[in-house]
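Biologist: Hello! I have a model open on my screen and would like to walk through some of its contacts with you. Could we go step by step?

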Amino acid sequence: MVAALLAALVTAGLGRGGVALSRAVAADAPGVERPAAAAAKAGVAIADLNAVRLTMRKSRGRTLLVHFWASWCLPCLQELPVINRFAQDMKAKGVDVLSLSLDNPDAVNRVEKLLSETAPALTPTIVKVDDADAFITAFDARWEGSIPALFAYDGQGRLRARHIGEATRRELDRLVADASNAAKAK
């Protein structure tokens, strides 16, 4: 559960900063989940790993950047406007950005307010994490769970590049180029 995930977070000194998501989260730790109706009213979707995978499949044929962040992560907050502008600029160029909050599902109002004020082009989605290890591995077995984190997938859904820590526009462009170039080389 996300509450357990939040309880297990540890500040990490990674590059330009970020926080780490623990692989050793107890599955039965207590947590508060927002009822689906309340989340819908707030305009924020709550998705589990399967729902995220289905959403990712909808981007086949396009480059996809999956972005993980949280409202309690300062580097994530500093990065949001950059990711927002990037998502707006790249939509017409065949690049989708799936932005996923790792906030607790009871934070729907905070996430909605934050996105509406600083990053309205990003997907208002909170991920419900039941098994942190499986979740982390589903995106990249080498990822240790630090956020902010970005994963670039080619049009076939293959992971081609990653960036852990706060990203600049130049780094976002590089991720997309790396995903595109790797796909062309195959």
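Biologist: Let me begin with a strand pairing: which residue in E8 is the bridge partner of Ala-152?

Modeller: Happy to help, and please keep in mind that this is a predicted model. Strand E7 runs antiparallel to strand E8, residues 159-164, and five bridges join the two. Within that pairing, the E8 residue bridged to Ala-152 is Ala-161.

Biologist: Which residue in the hairpin of E7 and E8 takes a positive phi?

Modeller: Look at the connection between the two strands, where five residues lie. The positive phi, near 85 degrees, belongs to Gly-157.

Biologist: Now to the rings. Are the planes of Phe-68 and Trp-143 stacked or edge-to-face?

Modeller: Two values describe such a pair: the distance of the centres and the angle of the planes. There are eight aromatic pairs in the model. For Phe-68 and Trp-143, the centres are 5.2 Å apart and the planes make 25 degrees, under the 30 degrees that counts as stacked. The pair is therefore stacked.

Biologist: How many residues apart are these two in the chain?

Modeller: Phe-68 sits in strand E4, which covers residues 63-69. Trp-143 is in the loop between helix H6 (132-139) and strand E7 (149-153). The pair thus links distant parts of the chain, and the separation is 75 residues.

Biologist: Is Trp-143 buried or exposed?

Modeller: Its ring partner Phe-68 has a relative accessible area of 0%, so Phe-68 is buried. For Trp-143 the value is 2%, and the cut-off for buried is under 20%. Trp-143 is therefore buried.

Biologist: And why is the pair of Phe-68 and Phe-151 given another label, and what is that label?

Modeller: The centres of these rings lie 6.1 Å apart, with the planes at 70 degrees. Because planes over 60 degrees apart fall in that class, the label is edge-to-face.

Biologist: Which residues do ring pairs link into a cluster with Phe-68?

Modeller: We have met two of the members already, Trp-143 and Phe-151. Both Phe-68 and Phe-151 are buried. Along with Phe-68, the cluster holds Trp-143, Phe-151, Phe-135 and Phe-139.

Biologist: Last one: is the disulfide of Cys-73 and Cys-76 right-handed or left-handed?

Modeller: This is the one disulfide in the structure, and its sulfur atoms are 2.4 Å apart. Cys-73 is buried at 1% relative accessibility, and Cys-76 is buried at 0%. The torsion about the S-S bond is about 75 degrees, so the disulfide is right-handed.

Conventions: Residues are numbered from 1 along each chain as its sequence is written. This is a predicted model: local features need pLDDT of at least 70, side-chain atom pairs count only at pLDDT 80 or more; totals for chains, interfaces and linings use all residues. Side-chain values use heavy atoms; hydrogens and water are left out. Rings of Phe, Tyr and Trp (its six-membered ring) pair if their centres lie within 6.5 Å; planes under 30 degrees apart count as stacked, over 60 as edge-to-face and the rest as tilted. Helices (H or I, at least four residues) and strands (E, at least two) are DSSP runs, numbered from the N terminus. Buried means under 20% relative accessible area, exposed over 50%, partly exposed in between (1.4 Å probe, protein chains only). Two strands pair if DSSP finds at least two bridges between them. A disulfide is a pair of cysteine sulfur atoms within 2.5 Å.
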